[in-house]
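Me: Hi! Could you walk me through this structure? I'd like to go over the charged pairs and then the sheet.

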Amino acid sequence: MILTTTPTIEGKQIVNYHGIVFGEVIAGVNFVRDFFAGVRNIVGGRSGSYEDELTKAREAALLELEQRAMEKGANAVVGIDLDYEVLGQNNGMLMVIASGTAVTVA
């Protein structure tokens, strides 16, 4: 499965469009991570725990997108867009949405 943010794939021809597909993930962030991220904000530096959570959520959203494209008979997804939002009480949830167009390329 080819996943790309571009509208075309160099060297490939789109021969069939299967429609828009989505992958959505909502992940909770726990109190311990919040506490250490707050400390990190005070003393400076990157928050590895938040970065890890973001990476896992993004990868899960892309995997779900890929699975939905395969269910439609596609072998690629073009024009992928990733959106991030915080939700819930005290912004304790992270939502990642991946969307794109499922296609068959030859």
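Me: Where do Glu64 and Arg68 lie, and how many residues apart are they?

Reply: Happy to help! One note before we start: this is a predicted model. Both Glu64 and Arg68 are in helix α2, and they are four residues apart, which is about one turn of the helix.

Me: OK, and what do the side chains of Glu64 and Arg68 form?

Reply: They meet in a salt bridge, with an N to O distance of 3.0 Å. In general, side chains of opposite charge can pair when their charged atoms come close.

Me: How many salt bridges does the count come to?

Reply: The count comes to two. Besides the Glu64 pair, Arg68 forms a salt bridge with Glu24, where the closest N and O atoms are 3.1 Å apart. That pair links distant parts of the chain, since Glu24 sits in strand β2 (residues 14–28) and Arg68 in helix α2 (residues 48–71), 44 residues apart.

Me: Which residues do the shared partners join into one network?

Reply: Glu24, Glu64 and Arg68 are joined into one network by salt bridges that share partners.

Me: How accessible is Glu24? And what about Arg68?

Reply: Glu24 has 35% relative accessibility, so it counts as partly exposed. Arg68 is partly exposed as well, with a relative accessible area of 32%.

Me: Switching to the sheet now. What is the strand order?

Reply: The order is β1-β3-β4-β2, in an open sheet of four strands with mixed pairing. β1 (2–3) and β2 stand at the edges, and each has a single partner strand, so one side of each is left without a neighbour in the sheet.

Me: In what sense do β2 and β4 pair, and over how many bridges?

Reply: They pair in the antiparallel sense, over 13 bridges. For one of the residues, Ile26, the bridge partner in β4 is Met95.

Me: One more thing, Ser99. Which strand is that in, and is Ser99 buried or exposed?

Reply: Ser99 is in strand β4 (residues 93–105). Its relative accessible area is 15%, and because the cut-off for buried is under 20%, Ser99 counts as buried.

Me: Nice. What does Ser99 touch?

Reply: Leaving out residues up to four places away in sequence, Ser99 touches Val21, Phe22, Leu65, Gly79, Ile80 and Asp81. Of these, Leu65 falls within helix α2 (residues 48–71).

Definitions and conventions
Residues are numbered from 1 along each chain as its sequence is written. This is a predicted model: local features need pLDDT of at least 70, side-chain atom pairs count only at pLDDT 80 or more; totals for chains, interfaces and linings use all residues. Side-chain values use heavy atoms; hydrogens and water are left out. A salt bridge is a side-chain nitrogen of Lys or Arg within 4 Å of a carboxyl oxygen of Asp or Glu. Helices (H or I, at least four residues) and strands (E, at least two) are DSSP runs, numbered from the N terminus. Buried means under 20% relative accessible area, exposed over 50%, partly exposed in between (1.4 Å probe, protein chains only). Contact means heavy atoms within 4.5 Å. Two strands pair if DSSP finds at least two bridges between them.
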